[in-house]
Amino acid sequence: MSFAHFQKIPAPATFAACSGCDICALACPVWQQTHDLRLTPKGRATALQGGARAADLVESIAACTMCGSCVPACPERIDLVSLTLSLRAELAAAGTSPLVPLASGFLAPPRPASRPSTHLKTVLLAEERLLADPALLASAILRLGGPSHVVVAADPGRDIATALEAGLSPSPERLEQFLAGLRGAMRVVTTEGFMNAFIKKWLPGTPVRPLGEACIALTEIRRALRPTDLYVLEARAYHADRERLVLVYDALRHETGCEMNLDLQRLAVPTSATALNARFGSGPVRIAEQVKWILEGRHPKRVVVENLEDGEAIRRERDVEVVHVAALASRS
């Protein structure tokens, strides 16, 4: 059977396909910090295969940081993130989810005054910290093609992303309001990758790309990277499209000599700074411990980040220069 034919075989849809190999724990923050298999995808799969229900696995279901590293690691090709989200939806529907109260502060949708035309333009879904930094935002827009080709989304869908992460479903009306600001775009560029797979599903045919990837495609950005840099990929976006992006970042590493937050299996070690549970100190994963894992044995002169929350997390733990990739060339 050819590899091309194998790729056409649908991925297994349930935890029943789990063989118990435990490879999903390789880059899992929960395993790294707890060494408790019950809290890992394998633990959930084993329990469900034995007859457990979502109600029996509340701690495990809520522990996941949604970093996505388990999905490309799984030899059975199980979409472990989607299956964990379906378990979270069961808990939310039953009123027993510990994540829903955490999400409540992010569920108010924005009220954009106007919606600029996105026809054949790049739409940037910018994180809050990027929107609050006009100079950096201007640099990001420039890297993406300039103001005449780029629209910054007035509705970044933060409430939708948070609801989905907690196991809630946005209303059809709210989802349509969000998607209306993306339709017709030449591409959608994100600074945080949790919703990338969802947007691809909602808007088939519209390319969805991480801001980091768009920046490192530019010669001036690649030339600005140094062998003494640590380049921190935004883990969720990377794992959502790893089959393609692993080649992109391996080429960058070979060309520039910079280090990356990739392990030996080319899975991205996340800071977990964007995870709903970790940012509130809920669950077993501590952001500071993730940063220590990334920096262990490394002494970079500069850290280059794709996501500003990752940058803030690193800056809190290490006295080192941290720069966003979109501003890299102008600061070198």
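Let me begin with Phe194, Phe198 and Trp202, which form one aromatic cluster. Please keep in mind that this is a predicted model, in which local features need pLDDT of at least 70 and side-chain atom pairs count only at pLDDT 80 or more, while totals for chains, interfaces and linings use all residues. Residues are numbered from 1 along each chain as its sequence is written, and side-chain values use heavy atoms, with hydrogens and water left out.

The structure holds five aromatic pairs, where rings of Phe, Tyr and Trp (its six-membered ring) pair if their centres lie within 6.5 Å. One of them joins Phe194 to Phe198, at 5.8 Å centre to centre and with 50° between the planes, and this counts as tilted (planes under 30 degrees apart would be stacked, over 60 edge-to-face, and the rest are tilted). The rings of Phe198 and Trp202 are also tilted, because their centres are 5.6 Å apart and their planes are at 35°. Phe198 and Trp202 are separated by about one helical turn, because they are four residues apart in helix α12 (residues 196-202). As for accessibility, Phe194 is buried at 8% relative accessible area (buried is under 20%, exposed over 50%, partly exposed in between, with a 1.4 Å probe and protein chains only), whereas Phe198 is partly exposed at 23%.

Turning to the helices, α6 (residues 80-94) and α10 (residues 158-166) pack at an angle of about 85°, with their axes 7 Å apart, which makes α6 roughly perpendicular to α10 (65 to 115 degrees). Leu85, Arg88 and Ala92 of α6 meet Leu164, Glu165 and Ala166 of α10 in this contact (heavy atoms within 4.5 Å).

Definitions and conventions:
Helices (H or I, at least four residues) and strands (E, at least two) are DSSP runs, numbered from the N terminus. Axes are lines fitted to C-alpha atoms, for helices over the stretch in contact, and angles run from 0 to 180 degrees between N-to-C directions. Angles under 35 degrees count as roughly parallel, over 145 as roughly antiparallel, 65 to 115 as roughly perpendicular and the rest as oblique.
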